[in-house]
Amino acid sequence: MMDILLGTLIGIILGTVSGIIPGVHSNTLAGILLSLQVSLVALVGPVALACAMFAALITHTFVDAIPSTFLGIPDADTSLSVLPAHALCLEGNGEEAVRIAALGSAAAIILAVPLSLLCFYLLPALQPYFDWWIGLLLLATVGYMIVTSDAPSWALGLFLVSGMLGMFALRYAFLSWHLLAGGSAILMPLLTGLFGISVLLTASRGIVPAQQFRGIRMEDLTVVKCSILGTVAGIAVGWLPGLSTASANGVLASAIGYEKDRRAYILATNAANTANAFIGLAALFALARMRNGVMVAIAELPLPSFSDLMVAGVVAACAAYCITLYLSRSAHRLGGLDSLLLNRIVIVFVVLLSVILTGPFGVFVLLLATALGLVPHFINLPRVYCMGAIMVPVMFYSFGIAWT
């Protein structure tokens with residue numbers, strides 16, 4: 001038991017650090033810990049190390065709402081939720097946005113843990129049927145999003161071009177540097193360009209408005225509905241092969257609409273992100289499939305029991321919720337800052353991070369993604385159609401079309 005608690009404490013600290021720093025993913029920490037595996041196993045033991053990795057992942061899903069909201073830089077798993085969260089920050093409601101995100105993640109724990117156990121015991125036998133239907137599900141979702149767009153032809157073009165960019169980036173990802181576990185490094189510049197830097201470049205200049213918390217302005221029924229919807233979406237994409245929370249964001253965008261109800265969308269996407277982390281652990285033990293870089297790193301260790309890691313994840317979630325709420329209270333300190341200067345500092349930091357983590361090829365992808373991410377601003381279309389960068393490769397994978 002002491003091994004579990006020690007590993008959980010270490011993971012909470014590391015997940016808080018990775019969550020606060022813009023552009024850094026929990027996969028980064030998993031890769032670092034894995035590279036130090038021999039020394040760390042001798043120091044804390046394999047159970048504590050595995051628990052630290054999983055606790056860091058869960059903590060990160062809570063705390064990463066802070067840079068997403070106040071700096072506008074996305075995590076690879078919650079790209080679209082950055083847009084409404086940052087918009088609320090610019091209205092002076094940044095603390096509310098962070099608290100809504102934390103509420104969504106906390107609500108997901110209540111639902112995701114029992115659902116993960118259910119999937120662990122019941123779904124492995126049905127897996128061959130699920131694998132084939134993924135592409136059809138995404139195709140139907142994308143078709144609905146495009147048909148209901150204000151400019152269907154532009155929406156289709158943006159979706160296809162972003163899809164080609166995503167396929168290009170993933171096809172030649174071997175050209176980038178590999179400091180992240182699981183080979184997901186190239187997603188950082190790809191999604192940061194599409195949904196982060198492109199937003200900062202077109203952001204209005206001026207002073208960051210005073211931040212005030214007036215409570216969470218959502219009806220209880222909406223909170224319950226969006227928590228369930230987000231958790232189910234996160235469970236679905238976490239169990240099915242080839243999908244990620246970024247795919248769930250696209251599905252939720254058509255179901256909720258991140259422009260129609262920003263608060264509901266923030267809550268649902270963060271619930272999906274946290275639920276995805278828990279179902280990823282169930283998929284590792286039930287199917288021996290690694291859904292993210294953290295699971296890849298854990299699989300390299302002598303595996304502790306499924307229940308040990310679930311306990312570590314739940315404890316980390318409780319701590320991460322409190323940490324996120326505490327950090328959100330510092331929102332008022334941003335009031336009066338020069339937004340142009342702040343945006344430039346963040347852009348420089350993310351570009352340098354891309355250089356360090358992915359090298360010249362990653363910077364090239366970042367430039368292409370940023371250029372494409374500017375297009376929706378000029379043609380007045382939502383950036384949701386840029387999710388083709390993730391959804392098109394997944395559809396190709398599901399239909400068995402070789403492109404890598």
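Which residues touch the most other members of the largest nonpolar core? The legends below start there, and keep in mind that this is a predicted model.

**View 1. The largest nonpolar core and its best-connected members.** Here's the answer: Phe-54, Ile-58, Trp-239, Phe-278, Met-295 and Ile-298 touch the most other members, out of 51 residues in this core. Helix α4, which covers residues 46-63, gives the most to the core, with eleven residues. There's also another core lying apart from this one, made of 31 residues, and Leu-138, Ala-369, Ala-389 and Met-391 are among them. As background, nonpolar side chains tend to be buried together in soluble globular proteins.

**View 2. A nonpolar patch on the surface.** Now for some nonpolar residues on the outside: Leu-9, Ile-13, Val-17, Ile-20, Ile-21 and Phe-349 make a surface patch of about 490 Å². Helix α1 (residues 2-20) supplies the largest share of the patch, four residues. If you want a landmark, try Ile-13, which is found in helix α1.

**View 3. Glu-95 and Arg-99, a salt bridge inside one helix.** The structure holds four salt bridges, and this is the one between Glu-95 and Arg-99, with the closest N and O atoms 3.0 Å apart. Why are these two separated by about one helical turn? Because they sit four residues apart in helix α7, which runs over residues 94-122. Glu-95 is buried, since its relative accessible area is 11%, and Arg-99 is buried too, at 15%. In general, side chains of opposite charge can pair when their charged atoms come close.

**View 4. Glu-96 in a network of salt bridges.** Move along to Glu-96, and you'll find it linked with Arg-217 and Arg-263 in a network of salt bridges. Take Arg-217 to begin with: its side chain meets that of Glu-96 at 2.9 Å, N to O. This pair links distant parts of the chain, with Arg-217 in the loop between α10 (187-201) and α11 (220-239), Glu-96 in helix α7, and their positions 121 residues apart. The other partner is Arg-263, whose side chain meets Glu-96 in a salt bridge of 2.7 Å, N to O. That pair, too, links distant parts of the chain: Arg-263 belongs to helix α13 (residues 262-287), and Glu-96 in helix α7 is 167 residues apart from it. So how covered up are the three? Glu-96 counts as buried, because its relative accessibility is 1%. Arg-263 also counts as buried, at 16%, while Arg-217 counts as partly exposed, at 41%.

**View 5. Ser-149 in its loop.** Ser-149 is found in the loop between α8 (127-147) and α9 (152-171). Is Ser-149 buried or exposed? With a relative accessibility of 11%, Ser-149 counts as buried. Its side chain reaches the backbone nitrogen of Ala-151 at 3.1 Å. Leave aside the neighbours within four places in sequence, and Ser-149 is in contact with Ala-155, Leu-381 and Tyr-385.

**View 6. Asn-380 and its positive phi.** In this last view, look for Asn-380 in the loop between α16 (339-379) and α17 (388-398). Its phi is near 60°, a positive value in a residue other than glycine. For background, most residues other than glycine have a negative phi. Asn-380 is exposed, because its relative accessible area is 71%.

Terms used. Residues are numbered from 1 along each chain as its sequence is written. This is a predicted model: local features need pLDDT of at least 70, side-chain atom pairs count only at pLDDT 80 or more; totals for chains, interfaces and linings use all residues. Side-chain values use heavy atoms; hydrogens and water are left out. Patches are made of residues with over 30% relative accessible area and no salt bridge: like charges are joined within 9 Å, nonpolar side chains (Val, Leu, Ile, Met, Phe, Trp, Tyr) within 5 Å. Accessible areas come from the Shrake-Rupley method with a 1.4 Å probe; for residues, only the protein chains shown count as cover. A nonpolar core is a set of buried Ala, Val, Leu, Ile, Met, Phe, Trp, Tyr and Cys residues joined through side-chain atoms within 4.5 Å. Buried means under 20% relative accessible area, exposed over 50%, partly exposed in between (1.4 Å probe, protein chains only). A polar contact is a pair of N or O atoms within 3.5 Å; within protein, one must be able to donate a hydrogen and the other to accept it, and residues adjacent in sequence count only if both atoms are side-chain atoms. Contact means heavy atoms within 4.5 Å.
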